[in-house]
Amino acid sequence: MLSWRLWDTLAEPASRNPIFTFVRDRRKPQPKLELQSSLFVRLLWVIAIVLVVIGLIRIPEMLIYLFQVPILAVTFLVVSPLLLPLGAILAGGYLVHKITERIHKEKRQFTYELLCTSPDGALYANWSFATGILHRDGWFQWMKAITLITYRLGRIAVSVIAVILLGLLVLGDGSIGFSEIHLIISLALLVGLYYTNIQQSISLSLMIGLFASSLNSSRRDANIIGLLTYFLSQLTPFLIALALFIVLKTTIPQTQLIDIVTTIITFSSIFIIREFFVILLWQGLKHRLNSSTDNTEVITPDTSFPSIFGTT
């Protein structure tokens, strides 16, 4: 799958590439600014603590609500992995904005044309530039790590449930039927979609950001076009999946086996449609940046980036 191959170039980028490192490390905060920021944050914490103490003295009943803060924090930590798919989609919109903004800044400074004169071609240069933006802050590493951990835990949970159900079937437990099989298939598909969501969302956001930036339009227009295209590409698969679910449910006589098939088609359609968008945008991006390569092999951190992009 193209989205998986592109994801490998994003998750493990060519860290020695000069364009990538230049964008990722450019304009890091100076030590003096970091010290001032640290002092400011500490001052805010002191003010907050003083206000809390004064509030507890004046209104002792607030102590009850204060004890609920750790409970809410634990609840958020437990629920947050389930919110990561939405977070990945929103992060993709942020990336589209940052990529169009930064590339138009390079164009205003008349450095974008110089960037595209890279010996490896404009496509490779633009992709390295966008990957540098992706890795500029630490949020992507955290999102990738938490998603991978949650995915592995979900896969283990599904495997354990499947083994238990299989064991009960072997033992001749008559209570195991299509409903339990339907449940395990649904859980497996959900776990798969959970992991592929971040792959496809981030890949789409980089391609859409670069595609919008390549248009002969202003920064504002490129931002609007990019964001509308991105969120439309995210919403459309779910709308089509919902339409498929309704059509299958209303036009085909329902049995337990048909219910399982309907679930598989509905969930699979989300991934397939997103993958279609990835392929379509990749071809469009290659055309916009005058690239003729058809090579999309997965690369490893120790190989050079041109192995996926080739030359133009």
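Let me begin with a term: a residue is called buried under 20% relative accessible area, exposed over 50%, and partly exposed in between, with a 1.4 Å probe and protein chains only. By that rule Phe110 counts as exposed, because its relative accessibility is 70%. Phe110 lies in the loop between α4 and α5, and its phi is positive, about 60 degrees, although the residue is not a glycine.

Two remarks on the basis of what I present. This is a predicted model, in which local features need pLDDT of at least 70 and side-chain atom pairs count only at pLDDT 80 or more, while totals for chains, interfaces and linings use all residues. Residues are numbered from 1 along each chain as its sequence is written, and side-chain values use heavy atoms, with hydrogens and water left out.

I turn to the overall architecture. The protein has 11 helices and zero strands; here helices (H or I, at least four residues) and strands (E, at least two) are DSSP runs, numbered from the N terminus. Of the 312 residues, 38% are buried. Taking contact to mean heavy atoms within 4.5 Å, I note that among contacts between residues at least 6 apart in sequence, 82% join residues at least 24 apart.

Next, the interior. A nonpolar core is a set of buried Ala, Val, Leu, Ile, Met, Phe, Trp, Tyr and Cys residues joined through side-chain atoms within 4.5 Å. The largest such core has 50 residues, and Trp127, Ile202, Leu206 and Met207 touch the most other members. The elements giving two or more residues to this core are α1 (2-11), α2, α4 (62-108), α5 (112-116), α6, α7 (139-170), α8 (178-213) and α10 (256-288). Helix α8 gives the most, with 11 residues.

Three buried positions deserve individual mention. Ser203 sits in helix α8 and is buried, since its relative accessible area is 0%. Leaving aside residues up to four places away in sequence, Ser203 touches Ser3, Leu6, Trp7 and Leu10. Its C-alpha atom is 9.5 Å from that of Leu2, although the two residues are 201 apart in sequence.

Leu285, in helix α10, is also at 0% relative accessibility and therefore counts as buried. With the same exclusion of residues up to four places away, Leu285 touches Leu123, Met207, Leu210 and Phe211. The C-alpha atoms of Leu285 and Leu123 are separated by 7.9 Å, with these positions 162 residues apart along the chain.

Asn223 belongs to helix α9 (residues 219-251). Its relative accessibility is 7%, so Asn223 counts as buried. Beyond residues up to four places away in sequence, Asn223 touches Val96, His97 and Thr100.

Finally, I consider one helix pair. Two packed helices are described by the angle between their axes and the distance between the axes. How do α2 and α6 cross, left-handed or right-handed? The crossing is right-handed, meaning that the near helix is turned clockwise from the far one by less than a right angle; anticlockwise would be left-handed. The axes of α2 (residues 18-25) and α6 (residues 122-134) come within 7 Å and cross at roughly 30 degrees. These axes are lines fitted to C-alpha atoms, for helices over the stretch in contact, and angles run from 0 to 180 degrees between N-to-C directions. The two helices are therefore roughly parallel, a description used for angles under 35 degrees, with over 145 counting as roughly antiparallel, 65 to 115 as roughly perpendicular and the rest as oblique. At the contact, Ile19, Phe20, Val23 and Arg24 in α2 meet Ala125, Ser128, Phe129, Thr131, Gly132 and Ile133 in α6.
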